[in-house]
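Grab a pencil and pull up the viewer. Try each task yourself before you read the solution under it.

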Amino acid sequence: MATPSVNNYILGRGSLYWSSYDPVLNTYSIERHLGNAKEVSIAMGVTKLDHYSAMAGLKAKDKSVISQIAPTIGFTLEEFEEENWKLLTFGQATNVTQTADDSNSVVIASPVKGQVYPLGFRSIQTKRLTVGTVTNGPFQAGETITGGTSTATAVVRQVLVAQGQLIVDTVAGTFQVAETITGGTSSATAPVNAIPTPVTGLVVVKSTVGSTYYTASDYSINAGLGEITILADSTISGSITVYFGVAGVTYTTISALTRLVQEGKLRFASNNPEGGQYELTAWRTQVSPDGDTALIGDDWGSMKFTAEVLSDVLNHPTSPYMDLIVS
């Protein structure tokens with residue numbers, strides 16, 4: 001396009017793509033969109049070696065040659081997802097599968113008020129069984145109940161008399177609505193109004209002294225992260241046991257600083273609302289985080305990176321650094 005022309009002005013927009021390189025197989029992965037990039041920039045990184053004549057009173061530059069080429073691509077990402085986290089932390093990912101289980105317990109020795117304690121699991125939930133009128137009761141915590149028709153069993157962890165509910169774990173079999181359950185120790189009986197249902201964030205906290213149960217005024221639960229916090233005004237004293245179940249979930253653990261070389265191909269494709277379009281492909285780059293990443297802030301979070309563009313003369317002898325297509 002001829003110059004000068006206002007049609008040559010651009011308002012930069014576009015997408016950035018990454019293909020990681022496997023040096024053992026000498027292959028690239030499937031190209032991945034890096035998500036919304038609020039900034040993408042390029043610097044040629046040319047260093048010159050200057051020569052000055054010393055034949056007169058003032059030194060005069062009489063020659064300048066390029067002595068070093070170190071181009072870079074800078075970019076800032078805004079999508080905090082697994083693959084971008086791996087680039088930021090030099091990490092490798094492992095998929096973890098947590099199997100659903102309703103019978104877990106953790107002992108916390110002498111818990112400190114205000115302290116957060118991880119339970120070692122995620123997605124905390126515990127089963128609650130709703131019953132009708134209890135006879136020969138009450139049911140007792142710690143006893144095993146059995147369904148009269150289904151022969152299903154469960155261990156009672158807490159008896160909520162006012163609500164007509166039993167908090168249970170170690171459930172075996174399938175209880176049936178309207179069947180009668182019987183306590184193994186207490187001989188209490190009651191009809192089942194609703195079968196055991198997982199309740200997110202529900203746990204049973206028991207002291208080692210007198211089998212005392214504490215209410216949620218003494219603690220709080222972060223169900224997703226699997227943490228219990230002993231509240232500052234809690235009446236808990238001495239060691240406690242936390243009984244709980246967990247949902248079946250899959251999550252990813254990223255081991256940081258275990259993949260210190262992050263090499264691959266970067267491609268930027270413009271989508272400019274004003275001006276021409278262009279596509280830049282850097283064949284071989286090494287990507288590193290650039291600066292700090294705020295985990296708490298008053299603006300949208302972002303990850304800042306710098307990609308060093310390396311020479312790939314073996315595969316691209318006529319253009320070893322990058323190609324730029326202008327249209």
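Here are four exercises on this predicted model, each with a worked solution.

**Exercise 1: cis peptide bonds**

Find which residues sit on either side of the cis bond that leads into Pro4, and do likewise for Pro138.

*Solution.* Start close to the N-terminal end of the numbering. Pro4 belongs to the segment that comes before strand S1 (14–22). The residue in front is Thr3, and the Thr3 to Pro4 bond is cis, with omega near -5°. Now jump to the loop that links strand S11 (124–131) with strand S12 (144–147), where you'll find Pro138. Its partner in the cis bond is Gly137, and here omega is near 10°.

**Exercise 2: positive phi**

Work out where Phe90 and Ser123 are placed, and decide for each whether the residue is buried or partly exposed.

*Solution.* Take Phe90 to begin with. Its phi is near 55°, a positive value in a residue that isn't glycine. You'll spot Phe90 in the loop between helix H1 (82–89) and strand S8 (92–98). Its relative accessibility is 15%, and buried means under 20%, so Phe90 counts as buried.

Next, Ser123. Phi is near 55° here too, again positive and again not a glycine. Ser123 lies in the loop between strand S10 (116–118) and S11. With 23% relative accessibility, Ser123 falls between the 20% and 50% cut-offs, so it goes down as partly exposed.

**Exercise 3: a three-stranded sheet**

Sort out the strand order of the open sheet that includes S10, and say which strands stand at its edges.

*Solution.* Read across the sheet: the order is S10-S19-S18, and the pairing is antiparallel. S10 and strand S18 (219–222) each have a single partner strand, so these two are the edges, and one side of each has no neighbour in the sheet. From one strand to the next, the twist averages 25°.

Now zoom in on one pair. S10 and strand S19 (residues 227–230) run antiparallel and are joined by three bridges. For a landmark, look at Pro118, which stands opposite Glu227 in S19.

**Exercise 4: a residue in helix H1**

Decide whether Asn84 is buried or exposed, then list what it touches beyond four places away in sequence.

*Solution.* Asn84 is part of helix H1. Its relative accessibility comes out at 1%, so Asn84 counts as buried. Leaving out residues up to four places away in sequence, Asn84 touches Arg32, Leu34, Leu77 and Glu79, along with Met303 and Phe305.

Technical notes:
Residues numbered from 1 in each chain as written. Predicted model: local features only at pLDDT ≥ 70, side-chain atom pairs only at ≥ 80, totals over all residues. Heavy atoms only, no water. Helix = DSSP H or I, 4+ residues; strand = E, 2+ residues; numbered from the N terminus. Buried < 20%, exposed > 50% of the residue type's maximum accessible area, 1.4 Å probe, protein only. Pairing = 2+ DSSP bridges. Axes fitted to C-alpha atoms, helices over the stretch in contact; angles between N-to-C directions. Contact = heavy atoms within 4.5 Å.
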